[in-house]
Amino acid sequence: AFEATEEELDIEKTDEEPAFLRGQTGLTTELSQIKIVKNPEGSMQRAASNQVALTKERREMKATMDQQILDAIPKNLNRPWLDPMANEHERSLAAEMRGVSM
């Protein structure tokens, strides 16, 4: 069994520069913050807009394929098949179609 233990720590902050960083910390305080620039003609913007277009195209293709599958399902599954010579892909059992949502 794992037992959680709590410890209290006191942390003191000093303004003194440690010996191993002597002369190096002054450079970091003088740097200005990085400015974020929007570039509407940049490569990242082009990649993002291309991805949006591809996502939309894939979504439309999937919706079209789903609709084609639903359209291929016979509507009246309770009716007995009258054509004994129908192709195998034209025959469906109601039990096979129960999981398909319409």
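This tour moves through a predicted model, from the whole chain to individual side chains.

**The whole chain**

Begin with the complete protein chain, displayed as a cartoon. It contains 3 helices and 0 strands, and its elements run α-α-α from the N terminus on. Switch next to a surface display. The protein chain exposes about 10,800 Å², and carbon and sulfur atoms supply 55% of that area. Of the 102 residues in the protein chain, 6% are buried.

**Confidence**

Colour the model by pLDDT. The mean for the protein chain is 77, and 64% of its residues reach 70 or more. Where is confidence lowest, and where is it highest? Select helix α3, residues 94-97, for the lowest mean, 56; then select α2 for the highest, 92.

**Helix α2 and its salt bridge**

Remain with helix α2, which covers residues 43-72, and show the side chains of K62 and D66. These two side chains meet in a salt bridge, with a distance of 3.2 Å from N to O. The structure holds 1 salt bridge. Side chains of opposite charge can pair when their charged atoms come close. Why are K62 and D66 separated by about one helical turn? The reason is that they stand 4 residues apart in helix α2.

Now compare how each partner is covered. K62 is exposed, its relative accessible area being 52%. D66 counts as partly exposed because its relative accessibility is 36%, a value that lies between the 20% and 50% cut-offs.

**The negative patch**

Finally, move to the segment before α1, the helix of residues 25-30, and select D10, which lies in that segment. Is D10 buried or exposed? D10 is exposed, with a relative accessible area of 80%. Extend the selection to E6, E8 and E12: together with D10, these residues form a negative surface patch. A surface display with these four side chains coloured by charge completes the tour.

Methods
Residues are numbered from 1 along each chain as its sequence is written. Side-chain values use heavy atoms; hydrogens and water are left out. Patches are made of residues with over 30% relative accessible area and no salt bridge: like charges are joined within 9 Å, nonpolar side chains (Val, Leu, Ile, Met, Phe, Trp, Tyr) within 5 Å. Accessible areas come from the Shrake-Rupley method with a 1.4 Å probe; for residues, only the protein chains shown count as cover. Lys and Arg count as positive and Asp and Glu as negative; His and the chain ends are not counted. The place of a charge is taken as NZ of Lys, CZ of Arg, CG of Asp or CD of Glu. Helices (H or I, at least four residues) and strands (E, at least two) are DSSP runs, numbered from the N terminus. Buried means under 20% relative accessible area, exposed over 50%, partly exposed in between (1.4 Å probe, protein chains only). pLDDT is the predictor's confidence in each residue, from 0 to 100.
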